[in-house]
Amino acid sequence: MLESDMLNRLTVIIPTYGRSDKILQSIYSCLHPKIAIIIIDDNGLNSNNQISTKNLIDSITTDYTSNLSYHALDVNSGACIARNKGIELAKTAVVTFLDDDDILLAEDTLQKLEFFENQNDYDICCSDMFSKFNGKTYQLPFCYFRGLTPTDLLLDGNCYTPMIMAKRDALLRIGGFDNCKKFQDHVIMLKIHLYKLNVCYFDKPSFIHVDHDEYRISNNACSYQTVKLRFKYEFLLLNEIELVGKEFIDLRNVITERKKFLCFYFIVMPRLNTFVKRYLGTRKFFNKSGNNHNCIYVFMKSLFYALKTINGFPFVIKRIAYKIKGMR
């Protein structure tokens, strides 16, 4: 293949939000004469982070900046919308993804592309990753892709968005990423199997997931709608695959138990922790104020303040009410 044709084969899409101090590392890891890069800035046009990010990108001096394009969204819209914009703007037949604090292994990614192009009738190619924390690189169980078949995905699926390399037209055909703030990588894989796209596996890590204790959107409490979307697709996929009898019942039970766990872990627990902190903080404030409020007043005031400031508590109350009524 001619060198001039190589750039028409792969685009790396990098959505960015609030990480102008880290994104250069991600961009530099992608700079390669055979790779096109699209940065989708989701900070919001003319925001401080957007201006800072654009200035950093403009400062890059390398032979490969002609491969790099930048697009700023008018308003903060979320990583899924940003990725979909990148898919829309890409000029290559194949796209892959990178988070704005992760590191692409460019040569391994090009090997993955070569492997993918040699697999006839496949739409998606997934691979593993390394994880880097405190300067050390690991490959733990969560670093391995799991979900080659619908059953594998439903039983014990594991996918990070940069694990996915895809034909651009296949992603457009399934509508790209759903606009969810959590589980977007798992949801896209569910959609891939629901649309019966063919998935192959490249047995080599293609990027480094840089783990840290700083803000990640996936660390936040999420809404019930986000969990509901994931499990809507899981149950749709369950009904699509050819399982009967005990196999079907067992897999359905696995999905149901997982839903209970994720609802508790990502919806109830974060809000309960926040509630306890607000309640204790308010009680501490009253006790230090010097006013001699009685215990019942302090308790009730602290309780209602904590309830009022917990985003999502109406959901918990509503679900309890539905349970009492026998609704599900």
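Biologist: Which residues does Ile124 touch in this model, leaving out those up to four places away in sequence?

Modeller: The model is predicted. In it, Ile124 touches Phe116, Ile164, Met165, Ala166, Leu171, Ile192, Leu197, Asn198, Val199 and Cys200. A touch here is a pair of heavy atoms within 4.5 Å.

Biologist: What makes Ile124 stand out in the largest nonpolar core?

Modeller: That core has 73 residues. Ile124 and Met189 touch the most other members. Members must be buried, nonpolar by residue type and joined through side-chain atoms within 4.5 Å.

Biologist: What is the bridge partner of Ile124 in β9?

Modeller: Ala166. That residue is also on the contact list of Ile124.

Biologist: Why are β6 and β9 called paired?

Modeller: Pairing needs at least two bridges. Strand β6, residues 124-127, has 3 with β9, so the two count as paired, in the antiparallel sense.

Biologist: How do you know that β4 pairs with β9?

Modeller: By the bridge count again. Strand β4 (residues 94-97) and β9 (residues 164-167) share 3 bridges, antiparallel. The cut-off is at least two, so they pair. Thr96 stands opposite Met165 there.

Biologist: What makes β5 and β8 edge strands?

Modeller: Each pairs on one side only. The sheet is open, has 4 strands and runs in the order β5-β11-β7-β8. Its edges are β5 (103-104) and β8 (136-138). The pairing in this sheet is mixed.

Biologist: In which sense do β7 and β11 pair?

Modeller: Parallel, over 3 bridges. Strand β7 spans residues 130-133 and β11 spans residues 207-210. Phe130 stands opposite Ile208 in β11.

Biologist: Why is β2 called largely enclosed?

Modeller: Because 6 of its 6 residues are buried. Both faces are covered. One side carries Ala36, Ile38 and Ile40; the other carries Ile37, Ile39 and Asp41. Buried means under 20% relative accessible area.

Biologist: How many bridges join β1 to β2?

Modeller: There are 6, and the strands run parallel. One bridge puts Thr11 opposite Ala36 in β2.

Biologist: How do you know that the buried residues of α3 line one face?

Modeller: Look down the axis. The buried residues of α3 (residues 48-58) are Gln50, Thr53 and Ile57. They fall within an arc of 65 degrees, so they line one face of the helix. What covers them includes β1 (10-16), α2 (23-30), β2 (36-41) and β3 (68-72).

Biologist: What puts the buried residues of α2 on the same side?

Modeller: In α2 the buried residues are Ile23, Ser26, Ile27, Ser29 and Cys30. They cover an arc of only 160 degrees around the axis, which puts them on the same side of the helix. They pack against β1, β2, α3, β3, β5 and α5 (106-117).

Biologist: Why is Asn67 called buried?

Modeller: Its relative accessible area is 10%. The limit is under 20%, so Asn67 counts as buried. Asn67 lies in the loop between α3 and β3.

Biologist: What makes the approach of Asn67 to Ile35 a polar contact?

Modeller: A polar atom of the Asn67 side chain lies 3.3 Å from the backbone oxygen of Ile35. The limit for N or O pairs is within 3.5 Å. Asn67 also has a side-chain polar contact of 3.3 Å with Ser66. Those neighbours count because both atoms are side-chain atoms.

Biologist: What is unusual about the phi of Asp121?

Modeller: Phi is positive, about 65 degrees, although Asp121 is not a glycine. Most residues other than glycine have a negative phi. Asp121 sits in the loop between α5 and β6.

Biologist: Is Asp121 buried or exposed?

Modeller: Exposed. Its relative accessible area is 63%. The threshold is over 50%, so the label fits.

Biologist: And Phe183: buried or exposed?

Modeller: Buried. Phe183 has a relative accessible area of 10%, so it falls under the 20% limit. Its phi is near 65 degrees, again positive in a residue other than glycine. Phe183 lies in the loop between α7 (168-173) and α8 (184-194).

Biologist: What percentage of the protein chain counts as buried?

Modeller: Of its 328 residues, 45%.

Terms used: Residues numbered from 1 in each chain as written. Predicted model: local features only at pLDDT ≥ 70, side-chain atom pairs only at ≥ 80, totals over all residues. Heavy atoms only, no water. Buried < 20%, exposed > 50% of the residue type's maximum accessible area, 1.4 Å probe, protein only. Arc of directions from axis to C-beta. Polar contact = N/O pair within 3.5 Å; in protein donor to acceptor, adjacent residues only side chain to side chain.
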